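Colleague: Please take one strand of this model and go through it closely. I would like to know what it pairs with, how its residues are covered, and what lies around it and further along the chain.

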Amino acid sequence: MGDIKILIIEDDNKIINFMTMALKAKGYKLIVSRSGNEGILSFCTENPQILILDLGLPDIDGIEIIRQVRKVSEIPIIIVSARENEKDKIEALDLGANDYVTKPFSMGELLARIRVMERFIERKNSQVQETVYIFDYLTVDTEKHRITVDEKEVHLTPIEYKLLLLLIANRGKVVTHSQIYKEVWGYTEAGDQQNLRVFMSSLRRKLEKDSNYPRFILTEIGVGYRFAYE
Ligand code: CA
């Protein structure tokens, strides 16, 4: 895609250096802010296309930044969080962050997440409404409500169908348990995870060739599910 401008809000110099080196080498334009307030200012003045946000900042909480940014923008936000902040990570995703990487992360992992966000931006800009999705041996025709695995039609329950479409609409990124409960069932709070697991495993049995090693619907332990993009 090229010329994508990324705003990094992060206070850890080591991580900043590590990210800037790799992202510059990949041709991204970068703006780095080392505090929350500086980050918000850069966000407002620099017009970035992707935001990489550390949750633990010296001045404002990263969660608060998501809240403020989401009031005015749908910019893709990738959270960088420490492993011990599991709760914050889920809160960040629920507030509208698009994805996360957990420290320590590999650059390959972060680059993959960024590529997913680029495709997300492309899809949003293209305006073309996709109606037929083809993922390897899985085809989902949203107009005819027809789903095939290896060209054989499979029948989904209405809930399974809604679940699948939600995951596909967000493909490549994680969808949290409470987002799923909200979108599929209309609940305001996350329901029982065990209940959701039952629906997911039924869906996997219908769509995956080997549901023990899912190809499409991946579990993000403790967080939610991700439809594997490629
Ligand atoms: Ca930090």
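Modeller: The model is predicted, and the account below starts from one strand pair. Asp54 has Val80 of β4 as its bridge partner. The strand to look at is therefore β3, which covers residues 50-54 and has five of its five residues buried under the 20% limit on relative accessible area.

β3 has a partner in β4 (residues 77-82), with four bridges between the two, running parallel. β3 also pairs with β1 (residues 5-9), again in the parallel sense and over four bridges. Within that pairing, Ile6 is matched with Ile50 of β3.

In a regular strand the side chains alternate between the two faces of the sheet. In β3, Ile50, Ile52 and Asp54 lie on one side, Leu51 and Leu53 lie on the other, and both faces are covered.

Asp54 also has a role at the metal site. The calcium ion has three protein donors, namely Asp11 (OD), Asp54 (OD) and Gly56 (O), at 2.2 to 2.3 Å. Along the chain, these donors follow the spacing D-x42-D-x1-G. The relative accessibility of Asp54 is 4%, so Asp54 counts as buried. Gly56 has 45% and therefore counts as partly exposed.

For the surroundings further along the chain, the nonpolar cores are a useful guide. The largest nonpolar core has 27 residues, and Leu138, Ile147, Leu164, Ile180, Leu207, Ile217 and Phe227 have the most contacts inside it. The elements that each supply at least two residues of this core include β6 (132-135), β7 (138-141), β8 (146-149), α6 (158-169) and α8 (193-207). α6 gives the most to this core, with six residues. Apart from neighbours within four places in sequence, Leu164 touches Val140, Ile147, Leu156, Leu203, Leu207 and Phe227. There is also a second, separate core of 23 residues, and Ile40, Phe43, Ile77 and Ala97 are among them.

α7 (177-185) is another of the elements that supply at least two residues of the largest core. The buried residues of α7 are His177, Ser178, Ile180, Tyr181 and Val184. Viewed down the helix axis, these buried residues fall within an arc of 155°, so they line one face of α7. An α-helix has 3.6 residues a turn, so residues three or four places apart point the same way. The buried residues of α7 pack against α4 (86-94), α6, β10 (174-176), α8 and β12. After α7 comes Gly186, with a positive phi near 80°.

Two of those packing partners belong to an open sheet of three strands, in the order β10-β12-β11, with antiparallel pairing. β10 and β11 (217-220) are at the edges and have a single partner strand each, so one side of each has no neighbour in the sheet. From one strand to the next, the twist averages 30°. β10 and β12 are joined by three bridges, and Val175 is opposite Tyr225 in β12. α7 packs on this sheet, touching β10 and β12, and its direction makes about 75° with that of β10.

Terms used. Residues numbered from 1 in each chain as written. Predicted model: local features only at pLDDT ≥ 70, side-chain atom pairs only at ≥ 80, totals over all residues. Heavy atoms only, no water. Donors = N, O, S within 2.8 Å, 3.2 Å for Na, K, Ca; no water. Buried < 20%, exposed > 50% of the residue type's maximum accessible area, 1.4 Å probe, protein only. Core = buried A, V, L, I, M, F, W, Y, C linked by side-chain atoms within 4.5 Å. Contact = heavy atoms within 4.5 Å. Arc of directions from axis to C-beta. Pairing = 2+ DSSP bridges. Axes fitted to C-alpha atoms, helices over the stretch in contact; angles between N-to-C directions.
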